[in-house]
Every structure is written in C-alpha cells, then in structure tokens.
Amino acid sequence: MKSIACISSSVIAACQHTSTCFPVHRALIRCSSVGRCTNVDFVSRTVVAQQPCGTGVRPFHSMYVNGAVVQQVSAIPLPTPLLLPEKRDDELTVRRAVRRVPPKTASGSAPHLSPYSPYTTSQGDATAPVNIQSLFEGDVIPELCSRLAGFPSNDRAEGLATLLGACVEFGLEAHSPLVLRLMKECLELLSKKDISVAQLCHLGEVAHALEGRQSAMVTEVLDSIGAAVEEDVVSPGEAVRVYSLLTLCYNPASQQQVLMLSTLHRHTQRLVHRLKAGQVSSILESLLKLQQRQAISLVLRLSHRASRVFKSFSDDEITKVLSALMILGQHHEELLAAMEKHLPGRLGECDPELISTVMEYCLLMRCRSEPIFEAVAENFVCHAERHTTLQIAKQIVAMGRLNYLPQCSGQMFKKLESILTTRFSQFQPRSLIEVLHACIHLERFPLNYMSKVFSPFFLQTLQAQGEPLDKNALGQLTQLHLSTSLECKHYWGPRLPYFLHVKKFSSVDQAFETPMDSLLYKRVTGPLTQLLGGKFYSTRIFTPSGYSIDVEISLDEEGYVLPLSQWEQTYRRMALCLDGQTRFCSNTQHLLGKEATKRRHLRRMGYEVVQIPFFEFDKLRTQKEQVEYLHSKIFPTIFKFNH
C-alpha cells in the first residue's frame with residue numbers, strides 16, 4: 001500500500017510540476033516518440049519534482065499502517081527516477097504531505113526550490129526544462145503498471161484510475177498506445193468483479209473523459225455498479241458517487257440503466273437518514289440533471305432530510321437544494337419550518353443570489369412566510385444597492401404575488417422607488433413590468449412610472465424581432481391600466497391603448513385569476529338553489545373588463561333576486577367567489593395577490609363581492625348547515641342594498 005501511494009504521488013507530482021514550469025502544447029504530448037524535441041540539450045539535466053499544493057487529478061487518500069498515517073514512502077524505489085536518461089545524480093524522494101523533502105547533494109543541503117519554477121542544473125548561463133512528453137513516452141508509467149499488478153484489486157483499480165486521470169489531464173488521446181494499455185488492464189481488472197463502488201466510479205469518470213458514454217469500459221463499470229446496487233451494498237458516500245457518475249453516463253434508452261437507477265432510488269431512500277448536508281445537495285442536483293421528476297418519494301425524503309440538516313448547508317448548497325426542488329416540483333412543510341428558523345439570521349451576510357432563490361422558491365410553492373419575508377424586506381432596505389435588477393425583481397414579485405406587506409413597507413417601497421429612478425434603464429422590460437404589476441397587488445401604485453411603461457417607445461421594446469407582444473405582459477399592462485382607472489382617479493397620465501387590452505384574464509397559466517374549483521361548485525350550488533327557491537343565478541360570467549365571475553346573482557331596485565329571464569331589469573349585481581384551495585397561499589388563509597386584486601377591481605366596478613372560502617364551507621356537514629351558512633353570507637348583503 002505504501003508503494004502505491006508513492007507511485008501515484010510521484011507521477012502526479014512530476015506531471016503537475018513540470019507542466020506548470022514548462023507549458024507544452026498538447027500537440028507535443030500527443031506526438032510519437034520519434035517526434036521528441038531535438039533543439040533542447042537533455043544531457044546531464046536533472047529535474048526535482050515537487051508535490052503540488054493542488055491537483056486537478058483525483059489523488060489517493062492518506063494510507064494508514066499499524067494505526068499511523070504514512071508520511072514517507074521509501075520501501076520500494078521508483079522504477080525510473082525522474083531524471084533524463086544519460087545521467088543520474090540522485091533519486092527522487094516524495095512525501096505524502098504537501099511539503100517536499102529535498103534530495104541530498106554532494107555539497108550538503110539542496111537549494112530552496114520554488115513550487116512554480118523548475119530546478120535545473122546549469123551549464124554556464126543555459127537551462128533546459130524537461131518536456132512532459134518524455135514521461136509518457138518512456139518506461140516510467142509502463143513500469144508503474146507492472147508494479148500495480150501485485151496489489152489488491154481496489155488498490156490496483158485506484159492506481160490505474162489515477163494514471164488514466166493523468167493521461168486525461170495532459171491531453172493524451174484514447175487511441176494512444178499508453179492509454180490503450182491502461183484501458184486493457186482496467187478491463188481485465190473489471191472482469192474479476194471484486195472492485196468496490198468508489199473505485200468503479202473513479203474508473204468510470206476517467207473512462208468517460210477519454211471515450212465518452214459509448215466506452216466499453218464505461219459499460220463494464222456500469223454493469224458492475226448495477227450488480228452492487230442490486231445487492232444493496234452501497235454506502236451513502238458511494239450512492240452520491242454513483243449518482244454523479246450517472247449524470248455523465250446515463251442513457252435513458254438503456255433498459256438496464258433505467259432499472260439500475262430505479263433500484264438505486266429505492267436503496268437511497270433507506271439511506272436518506274444517514275446523509276450529510278453536502279450529500280443531500282449533491283443527490284438532489286444529480287436527480288435534477290437526470291430529470292427524475294417521477295422519483296417523488298425519494299425527493300420528498302431528501303426534502304425532509306434537508307430540513308433536518310439545514311443549519312449545516314452552505315449558501316451555495318441551499319441555492320442548489322431549493323433550485324432542484326423547484327424544478328422537481330416537490331415541497332416538504334418541515335423544510336419551510338427549518339428555513340424560517342435558520343434563514344433570517346444569515347440573510348444579512350449571505351449572497352444576494354441566495355435571497356432571490358429563497359423568494360423564488362416561496363413563490364413557486366406558494367409559501368407565505370412572515371419570518372422570511374420580514375428578514376428579506378429589512379435586508380432589502382439596507383442592502384438593495386448591491387443586488388442585481390433581476391434579484392430585486394424576484395424579491396418584490398414574490399411579496400406581491402403572495403400578498404405580503406411587510407412591516408417596513410414604507411421604507412421598502414421608498415428604497416424601491418429610489419432604485420427604479422436610478423437604475424430604470426438597467427431593468428429588462430418584462431422584469432420591470434412584473435415589479436410594477438406586483439406593487440398593485442399590495443395596493444402600492446407606481447404612478448411615477450406609468451407614463452414610461454405606457455409610452456410607445458417602451459411598448460416597442462417589449463416586442464421581440466417582428467413578433468407580437470407577449471400575452472402575459474399585455475395582461476399585466478391591462479391590470480396596471482385598470483388600477484389607474486378604478487383605484488387612482490387622480491391619475492391623468494398616458495393610458496394603455498385600447499387595442500392592446502386583453503379581452504379575458506382567464507388563461508392557461510392562470511397568471512391573473514385561478515379557475516373555479518369544480519368540486520366546491522358542485523357542493524355549493526345545491527344549497528344555493530334551495531336558498532334562492534330556484535336556479536336564480538348564472539355561472540362563469542365574463543365581465544367587460546375581462547374578469548370571470550364564479551356565480552353571479554342579479555337584484556332589482558328593491559333588492560329582490562331576479563330570475564335569469566328578467567336580468568335586463570338588473571339594478572345591482574352580486575359576485576360569489578367560490579374560493580378553492582388553489583386561490584390561497586399554501587400555508588395560510590391569505591388570498592394570493594392576483595385574487596385580492598381581482599376582488600378590489602370587482603368592487604370598484606359595482607359588484608357586491610361575497611366570498612365562500614373552502615376552509616369555512618368544508619366544516620359544514622349537513623345541507624341545513626350549508627343553507628344557513630349561505631344565508632348568513634348572502635342576505636346581509638342583499639339587506640344592505642335597501643339602505
């Protein structure tokens with residue numbers, strides 16, 4: 001085991017140090033042995049390779065022998081020292097630690113060597129660095145391969161993977177003789193079926209880097225991993241590595257790989273309680289890359305685990321977890337509780353991108369969280385200048401659409417107005433409209449900017465190249481226009497041209513109003529018919545402004561309910577809003593911003609609005625209770641008409 005540490009460390013150290021000191025074009029590395037550089041004098045040149053501080057190739061872990069970490073390896077000398085062939089002055093000694101042990105020289109201690117410049121024996125004023133090509137074309141790596149043959153399978157696999165990784169790092173092609181030999185030895189080793197999952201993943205990663213997903217070695221690796229997964233012998237750390245490898249190699253057309261991934265999902269569900277914070281983040285990120293939307297049970301368990309280890313997440317890991325959950329479309333209530341507990345205290349010093357991601361997540365999951373939103377609003381007041389326009393838009397839009405007005409709303413909107421004034425041109429047109437549209441949900445009307453967004457120049461910027469205006473943007477502009485007409489009578493600025501108004505706010509994406517809950521409608525209409533003495537109402541009515549009304553009741557001048565045949569005598573109209581669960585924030589009884597805005601506008605248009613929320617109607621067990629409930633809701637409103 002000590003020898004394998006020496007082998008891998010020596011090769012990587014020599015490669016890394018020499019390539020840093022003497023940048024060689026990758027074409028030189030790929031050339032044959034005949035094509036070596038001949039314009040450099042290699043005679044009597046000695047190079048001492050230092051252990052680098054960092055490496056792009058995956059190194060070995062520290063080895064333990066009799067309870068102690070092996071720091072120096074000298075039991076088996078290197079088969080070929082890293083010297084040029086015609087003269088050998090000394091041998092190379094490599095430590096496992098980062099520091100280097102300089103070789104002894106005839107004059108005593110070796111001179112100090114910089115880790116960023118090669119050490120060369122000078123001849124007069126000339127120096128001659130070593131070409132990295134000589135390392136790969138000589139007998140060094142083949143000799144290392146022969147030494148690895150005597151090691152256990154796992155150690156040998158790790159050594160071969162490290163050597164292949166060095167080949168990838170320094171640009172050798174998959175068809176070069178050295179790589180072909182290494183690949184052949186790897187395939188022979190894989191046929192023994194006794195390599196651990198971690199080493200299999202390492203081999204699969206370097207094979208994919210060399211030959212891509214169609215590599216024969218990748219196929220062998222995946223077969224071996226599939227067998228290990230089927231036997232249920234994969235640890236939490238190994239499961240993370242397997243998911244990471246599958247993001248590179250997974251082929252959804254392969255039935256065998258689909259079955260292996262499904263088995264891995266089931267196995268990982270049993271391991272979730274042992275996962276650390278970083279592992280939860282990595283697996284969720286891999287599931288997102290693999291587009292595993294159907295793995296609902298696993299994602300929910302990971303979301304639950306994320307709530308338990310939330311305090312240990314870094315800012316970047318929180319961003320990855322929430323981004324994955326948004327796209328995978330799953331949410332666990334305990335995760336929101338953990339966010340409310342741990343996020344407010346760290347929002348003041350965190351990356352602004354984390355704040356905008358948190359608000360985007362809350363919006364998508366319809367989570368109206370007072371602790372989080374208050375902390376975000378306070379942070380916005382203090383640090384909004386360092387946020388990008390897109391990050392600002394996500395925060396304001398989330399608060400508006402979730403109908404949350406923070407306690408520091410006066411300061412927040414004052415800051416927002418300042419930013420809009422100084423950075424107006426930096427906002428993308430659609431982001432700007434979304435910000436202004438979100439403000440009207442909170443009854444904050446951006447009149448200072450209406451003249452700009454209703455100007456012909458701004459409307460032209462909304463258009464793509466020759467394409468019509470986006471329907472969603474037109475709907476938002478129409479609602480802005482309605483707000484100025486219905487709620488801001490003192491506004492005399494430019495208006496949205498009539499030909500750009502949307503005729504109906506109901507749309508597939510439900511951006512402006514949520515469709516009526518059909519189940520709630522069926523439960524309400526029976527008691528309502530009994531209360532009114534007949535079907536004296538109409539459903540799914542569109543108003544001239546574009547809103548739809550769930551149930552409309554018409555009354556004459558004396559307050560009597562009119563049958564449908566006499567609706568031409570209508571004096572007042574009543575709009576019954578059958579508010580199902582989707583019209584509210586998921587964790588509260590607060591209406592969404594679009595629904596609150598719709599009701600305000602209906603009242604301004606002359607309707608008497610009566611709300612029938614699901615959480616009140618669901619409590620009623622008998623039809624008698626339901627009729628009495630509707631009577632208490634409707635008739636006080638009718639009686640009000642007579643006074």
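"In which sense do strand β5 and β6 pair, and over how many bridges? Let me start there, and then we'll walk around the rest of the chain. They pair in the parallel sense, over seven bridges, with β5 covering residues 572–579. To pick out one spot on that pairing, Asp579 has Pro613 in β6 as its bridge partner.

Before I go on, please keep in mind that this is a predicted model. Everything I say today is computed from it.

Okay, the overall picture. The chain has 643 residues, and 52% of them count as buried. It holds 26 helices and six strands. If you take contacts between residues at least 6 apart in sequence, 75% of those join residues at least 24 apart. As for the outside, the accessible surface comes to about 30,700 Å², and 52% of that belongs to carbon and sulfur atoms.

Now back to the sheet. Four strands make it up, it's an open sheet, and the order is β3-β4-β5-β6, with mixed pairing. So who stands at the edges? That would be β3, residues 538–542, and β6, residues 607–613; each has a single partner strand, so one side of each is left without a neighbour in the sheet. From one strand to the next, the twist averages 40°.

Let's go through the other pairings. β3 and β4 are antiparallel, over four bridges. One bridge to look for there is Ser538 with Glu552 in β4. Those two strands form a hairpin with five residues between them, and in that hairpin Gly546 takes a positive phi near 110°. Next along, β4 and β5 also run antiparallel, and five bridges join them. In that pairing, Leu555 has Arg572 of β5 as its bridge partner.

And how many residues of β4 are buried? Eight of the eight, so β4 is largely enclosed by the rest of the structure.

What packs on this sheet? Let me give you two helices. With the β5 and β6 pairing still in mind, seven bridges in the parallel sense, look at helix α23, residues 518–532: it packs on the sheet and touches β3, β4 (548–555), β5 and β6. The direction of α23 makes about 145° with that of β5. Then there's helix α24, residues 593–604, which also packs on the sheet, touching β4, β5 and β6. For α24, the angle with the direction of β6 is about 150°.

Right, let's leave the sheet and look at helices packing on helices. Two packed helices are described by the angle between their axes and the distance between the axes.

Here's one pair: helix α9, residues 236–249, and helix α10, residues 255–271. Their axes come within 11 Å and cross at roughly 150°. An angle over 145 counts as roughly antiparallel, so that's what α9 is to α10. The crossing of the two is left-handed. Which residues meet here? On the α9 side you'll find Pro236, Ala239, Val242, Tyr243, Leu246 and Cys249. Facing them in α10 are Gln257, Met260, Leu261, Leu264, His265, Thr268 and Leu271.

While we're in α10, let me point out Gln269, which is found in that helix. Is Gln269 buried or exposed? It counts as buried, because its relative accessibility is 19% and the cut-off is under 20%. Leaving aside residues up to four places away in sequence, Gln269 touches Ser297, Leu298 and Arg301. And from Gln269 to Val299, 30 residues apart in sequence, the C-alpha to C-alpha separation is 8.9 Å.

My other helix pair is α4, residues 140–148, with α5, residues 153–169. These pack at an angle of about 165°, with their axes 10 Å apart. They are therefore roughly antiparallel to each other, and this crossing is left-handed. The contact is made by Ile141, Leu144, Cys145 and Leu148 of α4, together with Arg156, Gly159, Leu160 and Leu163 of α5.

Last stop: Lys341, in helix α14, which spans residues 333–342. Lys341 is exposed, with a relative accessible area of 66%. Along the chain, Lys341 and Phe310 are 31 residues apart, and their C-alpha atoms are separated by 9.5 Å.

That's my tour. If you take one thing home, make it the sheet: four strands, ordered β3-β4-β5-β6, with mixed pairing, and α23 and α24 packing on it. Thanks, everyone."

Key: Residues numbered from 1 in each chain as written. Predicted model: local features only at pLDDT ≥ 70, side-chain atom pairs only at ≥ 80, totals over all residues. Heavy atoms only, no water. Buried < 20%, exposed > 50% of the residue type's maximum accessible area, 1.4 Å probe, protein only. Contact = heavy atoms within 4.5 Å. Areas by Shrake-Rupley, 256 points an atom, 1.4 Å probe, with all protein chains shown as cover. Pairing = 2+ DSSP bridges. Axes fitted to C-alpha atoms, helices over the stretch in contact; angles between N-to-C directions. Parallel < 35°, antiparallel > 145°, perpendicular 65-115°, else oblique. Left-handed = near helix turned anticlockwise from the far one by under 90°.
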